[in-house]
Amino acid sequence: MTRAVLSIGSNVGDSLAHLRSVVDALGDRLVSASAVYSSEPWGGVEQQDFLNAILIVDDAARGPWEWLDFARACETAADRVRVQRWGPRSLDVDIVVCDHVSSDDPELLLPHPRAHERAFVLVPWLDVDPAATLEVDGTARPVTEWLAALGADERAGVRRTDMTLDTPESA
């Protein structure tokens with residue numbers, strides 16, 4: 001089985017519907033989904049807050065490159081346009097980790113090189129896997145430790161909402 005952690009986010013259009021579209025596309029490959037969080041934009045670009053969530057996915061037929069293809073297909077279906085780094089987007093699907101695969105290929109950096117710096121990834125990840133660990137530069141630490149190392153403002157900028165990724169058909 002190939003298990004991956006996907007980080008999904010949106011702040012353009014119907015953000016919740018964009019996040020739910022990924023859940024719909026996954027079908028039975030979805031193991032678990034975090035709550036939906038609202039988070040302040042990261043990277044210094046003025047824009048509205050994001051909706052974010054973490055998905056744990058599993059599919060024996062997919063490796064990291066197939067998960068990347070899946071992520072890009074979801075973004076394309078949501079009319080994602082890459083105009084500005086860290087700018088607004090209809091849908092962002094990032095692979096945080098995929099099994100224990102490491103990759104320094106510029107198209108597929110694994111584990112995600114900045115996940116440990118982003119509370120909007122770490123907080124929802126702990127929702128679905130409180131014992132999660134993340135390796136950064138050869139050092140594996142519990143996600144709780146990476147989160148604790150972030151500034152209080154970074155952590156406070158991630159707020160749990162009452163929204164869920166349940167679709168109307170499954171709600």
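This briefing covers the overall build of the chain, its aromatic and charged side chains, and its internal spaces. The model is a predicted one, and the chain it describes has five helices and ten strands. Its radius of gyration is 15 Å, close to the 16 Å that the globule rule gives for 171 residues, so the chain is as compact as a globular protein of that length.

**Overall build**

- Taken along the principal axes, the box that the C-alpha atoms of the chain fill is roughly 40 × 40 × 35 Å.
- Of the 171 residues in the chain, 49% are buried.

**The aromatic pair and its surroundings**

- The structure holds one aromatic pair, formed by W67 and F70, whose ring centres are 5.8 Å apart and whose planes stand at 85°, so the pair is edge-to-face, given that planes over 60 degrees apart count as such.
- Both partners belong to helix α2, which runs over residues 64–77, and because they are three residues apart there, about one helical turn separates W67 from F70.
- W67 has a relative accessible area of 0% and is therefore buried, while F70, with a relative accessibility of 8%, also counts as buried, the limit being under 20%.

**Charges over rings**

- W67 is also involved in a contact with a charged residue, since the charged end of R62 sits over the ring of W67, at 5.0 Å from the ring centre.
- A further arrangement of this kind involves R141, whose charged end sits over the ring of W146, at 4.2 Å from the centre of that ring.

**The second largest pocket**

- This pocket has a volume of about 450 Å³, and its lining is made up of 21 residues, of which V97, D99, H100, W125 and T133 lie nearest the pocket centre.
- At least two lining residues come from each of the strands β1 (3–10), β2 (30–33), β5 (92–98) and β8 (133–136), and likewise from helix α3 (119–128).
- By residue type, the lining of the second largest pocket divides into 13 nonpolar, four polar and four charged residues.

**The cavity**

- The structure holds one cavity of 30 Å³ or more, and the volume of the largest cavity is about 40 Å³.
- The residues lining the largest cavity are S7, D94, V96, H112, A115, R118, F120 and V121, and the elements that give two or more residues to this lining are β5 and α3.
- Sorted by type, the lining of the largest cavity holds four nonpolar, two polar and two charged residues.

How values were computed
Residues are numbered from 1 along each chain as its sequence is written. This is a predicted model: local features need pLDDT of at least 70, side-chain atom pairs count only at pLDDT 80 or more; totals for chains, interfaces and linings use all residues. Side-chain values use heavy atoms; hydrogens and water are left out. Rings of Phe, Tyr and Trp (its six-membered ring) pair if their centres lie within 6.5 Å; planes under 30 degrees apart count as stacked, over 60 as edge-to-face and the rest as tilted. Helices (H or I, at least four residues) and strands (E, at least two) are DSSP runs, numbered from the N terminus. Buried means under 20% relative accessible area, exposed over 50%, partly exposed in between (1.4 Å probe, protein chains only). A charge sits over a ring if NZ of Lys or CZ of Arg is within 6 Å of the ring centre and within 35 degrees of the ring normal. On a 1 Å grid over the protein atoms alone, a cavity is a set of points where a 1.4 Å probe fits but cannot get out, and a pocket is an open set with protein on both sides within 12 Å along at least five of seven lines; lining residues have an atom within 4 Å of a point. Grid points are joined across faces, edges and corners, and a volume is the space filled by probe spheres set on the points. Ala, Val, Leu, Ile, Met, Phe, Trp, Tyr, Cys and Pro count as nonpolar, Asp, Glu, Lys and Arg as charged, and the others, Gly among them, as polar. The radius of gyration is taken over C-alpha atoms; the globule rule is 2.2 Å times the number of residues to the power 0.38.
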